[in-house]
Each structure stands twice: as structure tokens, then as C-alpha cells.
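Dear colleague,

I am handing over the structure we spoke about, and below it you will find an account of what came out of the analysis. Please read the text with the structure open beside it.

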Amino acid sequence: VVSTQSTGKHPVPFLRSREFLWQEGHSAFASKEEADVEVLQILDLYRQVYEDLLAIPVTKGFKSEYEKFAGGLYTTTCEAFIPANGRGIQGATSHCLGQNFSKMFDITFEGEKGQQHVWQNSWGITTRTIGVTIMVHGDNKGLVLPPRVAPIQVVIVTIPKKDLGEKLNDKANELQKVLSAAGIRTKNDNRDSYAPGWKYNDWELKGVPLRLELGPNDLNNNCVVLVRRDTGAKETVSNDKLATRAAELLTEIHNNLFNKAKEERDRKIISINKWEEFTPALNAGNIVLAPWCEGVDCEKGIKKKSQEEAKHLVEEIKSEGGEVKGFGLTAAAKSLCIPFAQTALDQGAVCFSCGKEGVTKRGMFGRSY
């Protein structure tokens with residue numbers, strides 16, 4: 001883990017700040033084929049972090065020649081999407097650096113053909129994952145933490161009644177041990193200086209996936225009430241089935257968070273074929289798939305034209321007495337990636353921006369952090 005200093009113009013907590021932590025790795029291989037294999041292995045590990053742990057869908061692809069790691073051979077990326085403002089965000093990258101740096105610094109090994117320069121890779125993911133998780137899943141009540149990374153997965157809140165406080169707390173402690181024995185991270189909130197309603201709000205703010213409510217009637221009926229943070233749905237569960245049902249609900253919550261985020265992202269991916277459709281699609285909070293030549297000069301032109309059109313739109317809104325909030329509309333568009341998953345283009349497809357013929361792939365574009 002390394003700490004990095006940044007000097008961004010628009011610092012955003014957890015996403016782009018003056019200092020952030022990296023998980024970073026470097027490796028060296030005898031051949032390009034070996035390096036290529038590891039690049040994709042690491043990229044898929046990062047995909048698993050986002051999708052299997054954080055319940056955030058990502059698009060895997062290649063960075064363009066303009067956006068790749070400077071000096072590297074090629075860069076692969078996991079791209080996420082923030083539905084609240086229609087911005088893309090680079091989730092993690094895995095680079096093949098080729099032999100450029102090994103030749104520059106004379107990094108060699110003794111092989112069958114004598115001294116040879118190594119093929120190098122580099123890969124990393126940052127605490128940006130925290131910010132993406134907050135923005136993708138959070139709501140007006142606060143955090144919504146994916147169960148697999150939540151420090152507390154179930155919080156127990158008792159609803160005390162005169163002369164039953166001690167019995168309720170003893171039962172809560174007993175249930176905590178049952179859940180903990182099943183591998184579920186559980187806390188009994190036995191603070192007696194706060195009302196149950198205050199505790200509900202407090203734990204909703206902190207994003208705990210499941211709340212277990214235990215009142216006098218539940219105590220008498222050997223059951224509890226489980227409340228989901230993601231939907232607010234409640235259900236009564238008998239004590240003997242608590243551990244099993246809680247584990248099932250945590251899986252259901254993860255799947256619901258992922259599916260909801262994926263549906264929102266997929267709904268905001270718009271396919272276009274010509275420039276006139278580009279900026280309006282971005283202004284509607286979308287990311288765009290478009291046939292593209294992948295040229296460096298073309299990409300520079302896309303950034304320039306999209307920023308000019310965005311500024312012109314802002315001026316129009318202001319001239320009509322409207323208000324422009326945030327910095328979304330004024331940002332230039334950029335290529336997010338060239339997705340690995342491609343659908344066939346029509347014969348004779350041309351670049352949506354420069355009109356170059358012979359285009360074979362779609363690029364994914366958007367405003368991004």
C-alpha cells in the first residue's frame with residue numbers, strides 16, 4: 001500500500017483528493033505472452049472487488065492510446081458509473097508496460113538467448129472504491145453498505161418495556177452470539193441513553209444492512225423482526241431460523257444492490273452513430289457508445305468540441321435566467337474505454353466524430369471524475 005499526493009483542480013472526497021491510498025503491484029516476465037495473461041488476471045480480480053464485494057457493476061476494456069498509462073504498451077480498466085450525475089469513473093487499472101522501462105533502466109534477466117530485457121506490468125486500485133460505493137448505493141438517509149464489506153452486518157436494537165429491559169438485553173446478547181457463530185458480524189446496541197427510534201436513524205445513517213428489532217411481544221413469541229436497509233422491508237423470523245434467514249437476506253441485499261445499480265447504469269448507456277447526438281446524450285446524464293477510429297487527434301478533437309458545446313449550452317441557460325448547478329455540464333467528454341465486449345458494427349461504419357472509414361469498434365465516452 002502506498003500513499004500518493006495529487007493536485008487536482010476539483011478535489012472530491014474519496015474520489016479525487018490531495019492524498020489517497022493505493023494498493024499497487026509491479027511484476028516482470030520473460031515474455032509478452034506471460035505479461036498479457038497477468039494483466040487480465042489482475043483486472044478480473046479488481047472486477048471481483050467491485051462486483052462481488054461492493055455490488056457495483058463495471059465495464060472492462062482497453063484505455064485509448066491517448067488515455068493509457070504514459071510510456072506503457074497498453075492499459076486495461078474497470079469503469080464504473082455514478083447514476084446521480086451521469087459521470088463515469090475509473091475504478092481500477094492494470095497496465096502492460098512492455099519493455100520500455102526495462103530498456104530505459106536496463107532491467108534484464110539471463111535467458112536461453114542470453115541477457116534479455118523483462119516485460120513489465122503494473123496495476124493498482126485505490127480508496128476511490130469507498131467514494132464510488134457511497135455514491136452508487138447511498139440514499140437520503142445516509143450510507144447503504146454492501147453486506148460483504150460492512151463492518152457490522154446486523155445491529156440488534158431492543159424495544160424496552162418497564163421491568164423487561166434486562167431480559168431483553170440478555171436475549172439480545174444470546175442472539176448476537178448465535179449470529180456471530182454463523183459468521184455474521186453483529187452488534188447489540190445496548191446504549192440505554194437513546195430511544196429505539198434514535199438508534200434506528202443512527203444505524204440507517206451508518207448503512208448497516210440489517211436491523212434486528214426485539215420487543216416484549218417478540219420475546220414472548222420467540223421471534224424477532226428483521227429490517228432491510230436497502231428497501232426498508234420488514235419480516236418476522238423465528239429465533240430458531242434467525243441465523244439461516246439473516247444469511248439469506250444479506251445475500252439478497254447484495255444481489256438487489258448490484259442489480260439495481262446495473263439497471264440504472266444500463267439504462268444510461270446510449271448508442272449513437274453521429275456527432276450531433278453526442279453532446280445532447282451527455283447532457284442527459286448518459287454515457288455513450290459510438291463507432292470510433294481510436295485516433296489520438298480525433299480524441300483531442302472530441303474533448304475540445306464537447307467542452308465548447310457544453311460551455312455554449314451553459315451560456316444559453318444563463319442568458320435565459322436559468323441556473324447551472326455543479327460542474328457537470330461544463331466538463332469535456334473523454335473516452336472511458338474501448339469495451340472488451342463489442343457488438344458487430346454495420347458494414348461501412350464510420351467514426352462518429354471525424355468520419356474516418358473502416359471503423360471496427362465502439363468506444364465508450366462520458367464525462368468523468
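In what follows, contact means heavy atoms within 4.5 Å, and that is the sense in which one element is said to cover another. Please also keep in mind that this is a predicted model, and that the values below are computed from it.

With that meaning of contact, helix α3 is a convenient place to begin. What covers its buried residues includes α1 (32-53), β4 (74-82), β5 (87-98), β8 and α7. The helix is mostly covered, since seven of its ten residues are buried, namely Arg 128, Thr 129, Gly 131, Val 132, Thr 133, Val 136 and His 137.

As for the overall frame, the protein has nine helices and 17 strands, and its C-alpha trace spans about 80 × 70 × 40 Å along the principal axes. Of its 369 residues, 46% count as buried. Among the contacts with a separation of 6 or more, 64% are accounted for by residues 24 or more positions apart.

Turning to the empty space, the second largest pocket holds about 410 Å³. Its lining is made up of 26 residues, of which His 137, Asp 139, Val 144, Arg 229 and Asp 230 lie nearest its centre. At least two lining residues are supplied by each of α3 (128-137), α5 (196-206), β11 (210-214), β12 (223-228) and α7 (242-267), and the largest share, five residues, comes from α7. By class, this lining has twelve nonpolar, five polar and nine charged residues.

The structure also holds two cavities of 30 Å³ or more, and about 50 Å³ of space lies in the largest cavity. Ile 56, Pro 57, Phe 81, Pro 83, Val 136, Ala 261 and Arg 265 line that cavity, and by class they divide into six nonpolar, no polar and one charged. Val 136, which lines the cavity, is also among the buried residues of α3.

Which residues of the largest nonpolar core touch the most other members? Of its 22 residues, they are Leu 210, Leu 212, Val 224 and Leu 226. At least two residues of this core come from each of β9 (154-158), α4 (165-181), β11, β12 and α7, with α7 giving the most, seven residues. Leaving aside residues up to four places away in sequence, Val 224 touches Leu 175, Leu 212, Glu 213, Leu 214, Asp 218, Glu 235, Thr 236, Val 237, Asn 239 and Leu 242. There is, in addition, a second, separate core of 20 residues, which includes Ile 42, Tyr 50, Leu 54 and Trp 123. As general background, nonpolar side chains in soluble globular proteins tend to be buried together.

The count of aromatic pairs, taken as rings with their centres within 6.5 Å, comes to ten. In one of them, the rings of Tyr 194 and Trp 198 have their centres 4.0 Å apart and their planes at 15°, and because planes under 30 degrees apart count as stacked, this pair is stacked. Tyr 194 is partly exposed, with a relative accessible area of 35%, and Trp 198 is likewise partly exposed, at 40%. In another, the rings of Trp 275 and Phe 278 have their centres 4.8 Å apart and their planes at 35°, so that pair is tilted. Both Trp 275 and Phe 278 are buried, and together with Trp 292, Phe 352 and Phe 365 they form one aromatic cluster.

Three single residues may repay a look in your viewer. Ser 122 lies in strand β8 (residues 119-126) and is buried, with a relative accessible area of 8%; not counting residues up to four places away in sequence, Ser 122 touches Gly 25, His 26, Ser 94, His 95 and Leu 97. Ala 55, in the loop between α1 and β3 (59-62), has a phi near 60°, a positive value in a residue other than glycine, and Ala 55 is buried, with a relative accessible area of 0%. Asp 106 has a positive phi of about 55° although it is not a glycine; Asp 106 is found in the loop between α2 (100-104) and β6 (108-111), and at 55% relative accessibility Asp 106 counts as exposed.

With best regards

How values were computed
Residues numbered from 1 in each chain as written. Heavy atoms only, no water. 1 Å grid on protein atoms, 1.4 Å probe; cavity = no way out; pocket = protein on both sides within 12 Å on 5 of 7 lines; lining within 4 Å. Points joined across faces, edges and corners; volume = space filled by probe spheres on them. Helix = DSSP H or I, 4+ residues; strand = E, 2+ residues; numbered from the N terminus. Nonpolar A, V, L, I, M, F, W, Y, C, P; charged D, E, K, R; others polar. Core = buried A, V, L, I, M, F, W, Y, C linked by side-chain atoms within 4.5 Å. Buried < 20%, exposed > 50% of the residue type's maximum accessible area, 1.4 Å probe, protein only. Phe/Tyr/Trp six-rings, centres within 6.5 Å; stacked < 30°, edge-to-face > 60°.
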